[in-house]
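Good morning, colleagues. Please take a moment with the sequence and the structure before I begin.

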Amino acid sequence: MENKIRGLHHVTAIASDPQRNLDFYVGLLGLRFLKRTVNFDDPGTYHFYFGDNRGTPGTILTFFPWPGARRGIRGTGQIEATAFAISPDSIGYWLERFKQHHVMAERTSPRFGQEVIRFTDPDGLLLELITASSLPQVEPWPDTPVAVQHALHAFHSVSAALEGYEKTARLLTDSFGYRLIEQSGNRFRFGSLENSAPGRIIDLLCLPDTGMGRVASGSVHHIAFRAKDDAEQLQWREYLVDLGYNVTPVIDRTYFHSIYFREPGGVLFEIATEPPGFTLDEKLEELGTELRLPPWMESARSQIEKILPPIQVPSKS
């Protein structure tokens, strides 16, 4: 494959309470609420998108908030942790912010020379803030409640928990064009060749003595890598099918087009196009303010709106 993967497009996880999810990611972490829509496969539930000011690929964290969803179980075959990049000067700020908001957070041992804060969201999703001397260039959200110099700067990385890492590593290096950057114990760090790209790092954790995880509330459902356009995505689909992967047809997600497949360790991978983006059906300044539905669901808007629970986006504080 001539084209190479530049980094993550988005990470999608599962939550339980929609309002609690909004309060945490907008009110505490300071991400912008980019889009309120529905799960296209389950339109009686929301699909939330968070990210930088315009939803730059590599900053986008999305959730399926299913009220009453049971808690997932951590284990192999899933993403263990999702990390955002922060300035090296922001460690103290975030530890104090978590303390003020009564969120348990731990400053762990440095990882490959970078400081790490670990914490969980209200559903138990494991998150990290990792310092980076060279921060990805993103578009800050001007109305964030977080001090601008300490704001989250896109994804730093994701960590995949796997029974064995070699086959997944081969997919990353031989197909995606990633390279092994560093190794420490059972953690193997791979990065795309585009050093300044947001979300260019994926860590593989080899955990042969850990049981399989169960994806549910507090778990990552899938991670998406980015393709620059539809033509590149189709090339990826053909290439992956030739390698023997079971790849879905292209699926229209309105704000991007998607293909999905399981990597050798069991994690659900997606390749998503960068266009058309979140301003397709809303102006930049209005993102996330109204419920947006794809054209094929508009006729059922009144029924969908009756089912969805009311929500209130946190104001700047």
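**Two sheets and the helices between and upon them**

The buried residues of helix α4 pack against α3, β13 (220-227), β15 (257-262) and β16 (268-273). I should say at once that this is a predicted model.

Let me stay with α4 for a moment. The helix covers residues 230-242, 13 residues in total, and its span from first to last C-alpha is 18 Å, close to the 18 Å expected at 1.5 Å a residue. Which residues of α4 are buried? They are Glu-232, Gln-233, Trp-236, Tyr-239 and Leu-240. Viewed down the helix axis, the buried residues of α4 lie within an arc of 125°, and therefore line one face of the helix. Glu-238 and Asp-242, on the other side of α4, are exposed.

α3 is one of the partners of that buried face. In α3 itself, the buried residues are Thr-168, Ala-169, Leu-171, Leu-172 and Ser-175. Their packing partners are β9, β11, β12, α4, β15 and β16. Just after α3 comes Gly-177, with a positive phi of about 85°.

I turn now to the sheet that contains β15 and β16. It is an open sheet of 8 strands with mixed pairing, in the order β2-β3-β4-β1-β13-β16-β15-β14. At its edges stand β2 (32-39) and β14 (251-252); each has a single partner strand, so one side of each is left without a neighbour in the sheet. Helix α1 packs on this sheet, where α1 touches β1 (8-15), β2, β3 (42-51) and β4 (60-65), and the direction of α1 makes about 5° with that of β3.

At the β14 edge, β14 and β15 are antiparallel and share 2 bridges. Ile-251 stands opposite Ser-258 in β15, and Asp-252 stands opposite His-257 in β15. The two strands form a hairpin with 4 residues between them, and Thr-254 in the turn has a positive phi of about 70°. One strand further in, β15 and β16 run antiparallel and are joined by 5 bridges, with Phe-261 opposite Phe-269 in β16. β15 and β16 also form a hairpin, here with 5 residues between the strands, and Gly-266 in this hairpin takes a positive phi near 105°.

Next, the other sheet. Here 8 strands again form an open sheet with mixed pairing, and the order is β6-β7-β8-β5-β9-β12-β11-β10. Which strands stand at the edges of this sheet? They are β6 (105-111) and β10 (179-184), each with a single partner strand, so one side of each is left without a neighbour. On average, neighbouring strands of this sheet are turned by 25° against each other, direction ignored.

Two helices pack on this sheet. Helix α2 (residues 91-100) touches β5 (78-86), β6, β7 (114-120) and β8 (126-131), and its direction makes about 15° with that of β7. Helix α3 (residues 166-175) touches β9 (155-162), β10, β11 and β12, and its direction makes about 160° with that of β12.

Within the sheet, β9 deserves a closer look. β9 is mostly covered, with 8 of its 8 residues buried. With β5, β9 pairs in the antiparallel sense over 6 bridges, whereas β9 and β12 run parallel and are joined by 6 bridges. Ser-159 of β9 is the bridge partner of Ala-81, and Ser-159 also stands opposite Asp-203 in β12. On the β11 side, β11 (residues 187-191) and β12 (residues 201-206) pair in the antiparallel sense over 5 bridges. There, Arg-189 stands opposite Asp-203 in β12.

Finally, the nonpolar interior. In soluble globular proteins, nonpolar side chains tend to be buried together. In this model the largest nonpolar core has 70 residues, and Tyr-25, Leu-29, Phe-176, Ile-202 and Ile-223 touch the most other members. Helix α1 (residues 18-28) gives the most to this core, with 5 residues. What does Leu-29 touch, leaving aside residues up to four places away in sequence? Its contacts are Phe-24, Trp-94, Phe-98, Phe-119, Leu-127, Val-146 and Leu-152. Apart from the largest core lies another core, of 9 residues, among them Tyr-49, Ala-224, Tyr-255 and Phe-256.

Thank you for your attention.

How values were computed: Residues are numbered from 1 along each chain as its sequence is written. This is a predicted model: local features need pLDDT of at least 70, side-chain atom pairs count only at pLDDT 80 or more; totals for chains, interfaces and linings use all residues. Side-chain values use heavy atoms; hydrogens and water are left out. Two strands pair if DSSP finds at least two bridges between them. Axes are lines fitted to C-alpha atoms, for helices over the stretch in contact, and angles run from 0 to 180 degrees between N-to-C directions. Contact means heavy atoms within 4.5 Å. A nonpolar core is a set of buried Ala, Val, Leu, Ile, Met, Phe, Trp, Tyr and Cys residues joined through side-chain atoms within 4.5 Å. Buried means under 20% relative accessible area, exposed over 50%, partly exposed in between (1.4 Å probe, protein chains only). The expected span of a helix is 1.5 Å times one less than its number of residues. The arc is that of the directions from the helix axis to the C-beta atoms.
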